[in-house]
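Good morning, colleagues. Please take a moment with the sequence and the structure, and then I shall discuss packing and aromatic contacts.

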Amino acid sequence: MNVLNEATAVVIVSVAGLTTILLLLRLRRSDQTTDRLSGEVVQLRQQLMRASAERDEARAQREALFDVTNDPAVFIDTQRRVTALNAAARELGVFAIGRSLIESARSFELDLLAEEALTESLELPREFLLNGRLFRGRATLLSMQIGAVIILRDISELTRLGRARRDFVANIGHELRTPLTAIRLLLDTVRATAQRSGVALPAALTHTLDQIDDQTSVLTQMTQELSDLAQIESGQMPMRLIETHLHDVVAAVLTRLAPQATHASLQLTNEVDPQLSALIDPAQIQRVLSNLVHNAIKFTTKGGITVSAHIEGDERVRIGVRDTGDGIPSEELPRIFERFYKVDRARGRSGTGLGLAISKHIVEAHGGRIWATSRLGKGTEFFFTVPQ
C-alpha cells in the first residue's frame, strides 16, 4: 500500500512538473507573440504617422498651389458637396464647406457643370452669375472616388470691355458713313460740273480724283465690314439656318467671281457633290466663300481655285477652298483671322483685312470652326465646317 501511494505521488509530481513546463513554454510563446504584436503595432503607428504627415503635407501643397492663383477653386465630392476652397473662393463668400453647390451658389449652370464633370468626365466651360459678377467655370474630374475641382474665372471686366469695343466699332462705322457719302458726292459734283461745262480736266487732277474715289471705296467697304462685324459679334445678325444644297451655293459664288478669275487667267472649279446638303444660312455662307475665293484670286498668279466639300463625322460637313498660289508662311497662319491683319508680302495690295475675321465669326455662329493649311510655293487651303 505504501509502495502504491509512493508511485501515485511520483506520477502526480511528474504530471505537475510537465504541466508546469507546458505552462512555462506557453507563457514564453505568449510573451514572444505579445512582443511581436507590440512591434507590429509600433510599426503600424509609425506608418500611420507618416501617412498622416504626408496627407497634411499634400493638403498644404494643394492649398498653397491654389492659393497662388487669383482664380477661385472649389473642390467637390461625388455628391456635389463642397469639400475644400482656396483663398480666392473663400473671399467670394458664396461657398461653404459641407454644403452642396446648388445650396451654396444658387446657380443651376454651375451645378450642371459639376454634374457633367462627375458623370461624363468632361471638361466643359460654362458661364454664370455669382454675386452679380459673370464667371466662366471649368470643371475637371479628379477621380470617381474623390470628386472634381471647379476653377472659376471672373470675366465681368472682359465682357464689359468687349461690349465697349463692339459699341465703339459700331459707332465709328456709323459716323464714317456721312463724311464718306459727302466725299463721294463732291467727287461726282466736280466730274459732272466739268462735263456740263465742256472743260477737260487736267490729267493730274483726273488721276487725283480717281485716287480719291478708290480710297473712298476702300473706306466705305471697311465701314460696312466694321458694322457687319459688330453686328455678328453682338448677335444682332441672326443666322437663318435652312437645309441647302452646297453645290448651288458654291456655284453662285464662282459665277459672281468668274470675271475676276478670267481676268487673272485662273480656273474656278466646283467639286461639291450636287446631292450634298447642309444646315446653313445660304447668304452668310456665300459671304464666307466669297471672301475665301476672292482672296485666293488675289494671291494666285497661275493655276486655279478649287472648292470641295465632304462629310466629316456624323453631323458636320467640311468645305475646302484650295488655291495654287504662293502660300502663307507658317508663322503667319495663326494670325490671319485677326482683324486688319495682312500677310506682310500682301500689305501693298487692296483689302481691309476684315474679310477673314468676318468669315471666322460667321462660321462660329453656325457652330463650326475655320482654319487654314499652307505650303510656300505650293498654295493654301482654307477649311471650315458647318452642320450637316
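**Aromatic pairs and nonpolar cores**

Trp371 and Phe383 are both buried. I should say at once that this is a predicted model. The ring centres of Trp371 and Phe383 lie 5.4 Å apart with their planes at 25°, and because planes under 30 degrees apart count as stacked, this pair is classed as stacked. Trp371 belongs to strand S11 (residues 370-375) and Phe383 to strand S12, so that the pair links parts of the chain 12 residues apart. Trp371 has a further partner: the charged end of Arg369 sits over its ring, 3.9 Å from the centre.

How many aromatic pairs are there by this rule? The count is 2. In the other pair, Phe337 and Phe382, the ring centres are 6.1 Å apart and the planes stand at 90°, so the arrangement is edge-to-face. Phe337 lies in the loop between strand S10 (316-323) and helix H9 (355-365), whereas Phe382 is in strand S12 (residues 379-387), 45 residues away. Phe337 and Phe382 are each buried.

Let me turn to the cores. Which members of the largest nonpolar core touch the most other members? Among its 46 residues, they are Leu246, Leu289, Val307, Ile319 and Phe384. Beyond its neighbours within four places in sequence, Phe384 is in contact with several residues, including Ile285, Val288, Leu289, Leu292, Ile319, Arg369 and Trp371. Separate from this is a second core of 22 residues, with Ile76, Ala114, Phe135 and Ala139 among them.

Technical notes: Residues are numbered from 1 along each chain as its sequence is written. This is a predicted model: local features need pLDDT of at least 70, side-chain atom pairs count only at pLDDT 80 or more; totals for chains, interfaces and linings use all residues. Side-chain values use heavy atoms; hydrogens and water are left out. A nonpolar core is a set of buried Ala, Val, Leu, Ile, Met, Phe, Trp, Tyr and Cys residues joined through side-chain atoms within 4.5 Å. Buried means under 20% relative accessible area, exposed over 50%, partly exposed in between (1.4 Å probe, protein chains only). Contact means heavy atoms within 4.5 Å. Rings of Phe, Tyr and Trp (its six-membered ring) pair if their centres lie within 6.5 Å; planes under 30 degrees apart count as stacked, over 60 as edge-to-face and the rest as tilted. Helices (H or I, at least four residues) and strands (E, at least two) are DSSP runs, numbered from the N terminus. A charge sits over a ring if NZ of Lys or CZ of Arg is within 6 Å of the ring centre and within 35 degrees of the ring normal.
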